[in-house]
Amino acid sequence: MLSPKRVGNRIIGNPEQTVTTISTETYLKGLVRDPRHEVAVNYLTSLFPILGWISRYNWGWLSGDLVAGLTVGMVLVPQGMSYATLATLPPQYGLYSSFVGVLIYCFFATSKDVSIGPVAVMSQTIAQIIIYVDSRYPDKWEATQIATTVAFVCGFIVLGIGLLRLGWLVELIPAPAVSGYMTGSAINIVAGQVPSLMGISGFNTRAATYKVIINTLKGLPSTNLNAAWGLTGLFALYAINISCKQLSKRYPRRARLLFFVSVTRNAFVVIVLTIAAWLYCRHRKTRSGKYPIAILQTVPPGFQDVGAPIIDSELVKALAPQFPVATIILLLEHIAIAKSFGRVNGYKINPNQELIAIGVTNTLGTLFHAYPATGSFSRSALKSQSGVRTPLAGVFTAMVVVVALYGLTPAFYWIPNAGLSAVIIHAVASLVASPSQVYTYWRVSPLEFIIWLAAVLVTVFSSIENGIYTSIAASFALLLIRIAHPRGYFIGKVTLTRNSTESREVFVPLRKDGVTNQYVKVDPPTPGVIVYRFEESYLYPNCSLVNSAIVDHVKENMRRGIDFSAIQLADRPWNDPGPTRGNSQAVEAANNERPALHAIVLDFSGVSHIDTTAVQALVDTRNEVQKWANRPIEASYSFHFATILSPWIRRALVAAGFGIGTPVVELFNEIALVVPYGGGRREKWWDEASSSGIEDIEAHSESLPPISGTVPIVPVETPFFHFDLASAVRAAEAGVEKPEKRAETPPAKYI
């Protein structure tokens, strides 16, 4: 009587005798090695990286953090107010975001260099979102409430991604795509700030970049007095920056001093322009309350209305289409900056923890009515160059912002708007990719250069939002194309010699691949043996192409085992009827000159994953070459697999009957049934061949017992799985009769 276990195995098709493979139980135990381990405690402590270094804080670190924090603070105050005006918000909201960003980030950061706060691209996006909402719901919500709601919702989204450890999703967007939309955004922002710099008005500066540029050129004759402050400020910013760099090269000993002089250029220029605006405008106020130039005017001191944010559910619904682009900007810009500085300064960031830091910063920032903040490239570079030692430098930067909020707001009244535009243009221009960087994209990967160019063009001629979506969509399309159309080679041998005493065989593509020397002669494998190398994971998008490449190569270069002259036309398959009666003898003679198929060697050294559809394609390959060769069972030809990288790949191949010598009559023709199929009319010639016996494609002789004191590196129960390609080819060529002269294999197909 059968036991319930055996009955269950028969129902699901589990064989009575199986080869030892990895089990799901083993896999799960590997994930949780010790259930008693305090996983939850470790997870919670990892959320606060500051606990790992704050106990070792010392006076040397303090001095570096103090200098860097104060330096960044002097830049952050004018930039924060400038970016708030860019976002069409009151200037104090830029200071609110600046304070919260630098203060909270230090508790969650894994990067000492990154400075979080208002940034140009995010500010421009917030301005576009405010315009979007106002156009559909006029005067229903204030701009500040819209910006705070975006910060709250996007902060929670990013926080959730970080807590769930989904930071790897950011890796799906390549660097050229990020650079493309940042370059396009920088051009967009600069073009939008030039009218304010020149005092030109009368058109929408938030329109598509090319329209803004055209309208700005048309409006040049209407340039007014604002240009005196704007152009002077912009010229001064670049003059100080360039002069300090040149003097640093000429006087290396003064480089440190000149660096800090250059750092203060934003604050210095704003102060000078503010004094000039005060001297000129203080007695020129019109009866309507206007001044000759545009100035900030009243900036409320301190933190206004600190408390829980007002989150209107109807506003959240109205903003729903805009959340994806705002979230993407928070993610990509910050992670790209953090990775860049970690790479330069020799440390590794944790993307998940960085996302948590951004999420917490923006969520808690809404208590201060801050708008979305993320990593700033210019301020992060400044922080790094100032000699920052730990993330605690953000606390000193926050102190500078607090001093500005409570002590300097009366002076902010006279800051000219044109001067803030100069600060924005000067900061954002550095985000434009340099020609050498763009050329590097072309040299490394022309396709990714096209993605970069598409992102820039779409951003310039449409919007930042569309530019981001274009870069992401193009990146995903390129990734799918690379997966679905992998490279693969039929390979041969080259013998390398050294000093005429040492030699070894290496395996290279039969076809010239542009990597190996084109003048090196590549010997094909022994006639009857095919060696194919995968260069991508074997998955459902690409398995059909690989199947076609192998089967087509077999049919073009290997002998057909069926003599169609003895088969009536009515019994031939409709899709492969064979030669016509007139040329059957010539075709048969040409067929007999080809070698008989003996073995197929598959190099899996480039395969890290395999799935059910791919295994089914491999089974189809086995069935198709089996039909083509139609060899008697005594011939013993087989599939060999070299360099299997994963136990799960081994398990999948064993489940399909590969590697273990299962007779072909015991193998399934389908292992990935989509629709149960009970049979159908098969070709008569194939049924007769099956009844007479077809060679077992996995047949093998008994393996030799291991030498005393040694064990095989690959289990003997899977004799067709080999540790390396050389041993697989040797096993495949064993027993093949060597011809007097090796036949040249025709040019191999390349996919």
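## A predicted chain: surface, sheet, cores and salt bridges

About 37,900 Å² of the chain is exposed, and carbon and sulfur atoms supply 61% of that area. Accessible areas here follow the Shrake-Rupley method with a 1.4 Å probe, and for residues only the protein chains shown count as cover. This is a predicted model, in which local features need pLDDT of at least 70 and side-chain atom pairs count only at pLDDT 80 or more, while totals for chains, interfaces and linings use all residues. Residues are numbered from 1 along each chain as its sequence is written, and side-chain values use heavy atoms, with hydrogens and water left out.

### Overview

The chain holds 28 helices and eight strands; helices (H or I, at least four residues) and strands (E, at least two) are DSSP runs, numbered from the N terminus. Of its 751 residues, 47% are buried. Buried means under 20% relative accessible area, exposed means over 50%, and partly exposed lies in between (1.4 Å probe, protein chains only). Among contacts (heavy atoms within 4.5 Å) between residues at least 6 apart in sequence, 82% join residues at least 24 apart.

### The sheet

Let us start with the strands. Six of them form an open sheet with mixed pairing, in the order β4-β3-β5-β6-β7-β8. Two strands count as paired if DSSP finds at least two bridges between them. At the edges stand β4 (502-509) and β8, each with a single partner strand, so one side of each has no neighbour in the sheet. Strand β3 (residues 488-498) runs antiparallel to β4, and eight bridges join the two. Leu 496 stands opposite Arg 504 in β4.

Strand β7 (residues 638-642) deserves a closer look. Five of its five residues are buried, so β7 is largely enclosed by the rest of the structure. In a regular strand, side chains alternate between the two faces of the sheet. In β7, Ser 638, His 640 and Ala 642 point one way, while Phe 639 and Phe 641 point the other way. On one side, β7 pairs in the parallel sense with strand β6 (residues 599-603) over five bridges, and Ser 638 is the bridge partner of Ala 599. Strand β8 (residues 721-722) also pairs with β7 in the parallel sense, over two bridges; there His 722 stands opposite Ala 642.

### Nonpolar cores and surface

A nonpolar core is a set of buried Ala, Val, Leu, Ile, Met, Phe, Trp, Tyr and Cys residues joined through side-chain atoms within 4.5 Å. The largest has 112 residues, and Ile 126 and Tyr 371 have the most contacts inside it. Helix α14 (residues 323-345) gives this core its largest share, 12 residues. Leaving aside residues up to four places away in sequence, Ile 126 touches Ala 87, Ala 147, Val 150, Tyr 371 and Pro 372. Apart from the largest core lies another of 34 residues, including Val 546, Phe 604, Val 607 and Phe 721.

Nonpolar side chains also appear at the surface. Trp 168, Leu 169, Leu 172, Phe 476 and Leu 479 make a nonpolar patch of about 440 Å². Such patches are made of residues with over 30% relative accessible area and no salt bridge: like charges are joined within 9 Å, and nonpolar side chains (Val, Leu, Ile, Met, Phe, Trp, Tyr) within 5 Å. Within the patch, Leu 169 lies in the loop between α7 (143-163) and α8 (175-198) and is partly exposed, at 35% relative accessibility.

Leu 70, in helix α4 (residues 59-86), is likewise partly exposed, at 39%. Leu 70 touches Phe 396 and Val 400, not counting residues up to four places away in sequence. The C-alpha atoms of Leu 70 and Val 395 are separated by 9.5 Å, although these residues are 325 apart along the chain.

### Salt bridges

A search of the whole structure finds eight salt bridges, each a side-chain nitrogen of Lys or Arg within 4 Å of a carboxyl oxygen of Asp or Glu. Here are some of them:

| Pair | N to O distance |
|---|---|
| Glu 314 and Lys 140 | 2.4 Å |
| Lys 339 and Glu 171 | 2.3 Å |
| Glu 535 and Arg 487 | 3.4 Å |

Lys 339 lies in helix α14 and Glu 171 in the loop between α7 and α8, so this pair ties together parts 168 residues apart in sequence. Lys 339 is partly exposed at 27% relative accessibility, and Glu 171 is partly exposed at 43%.
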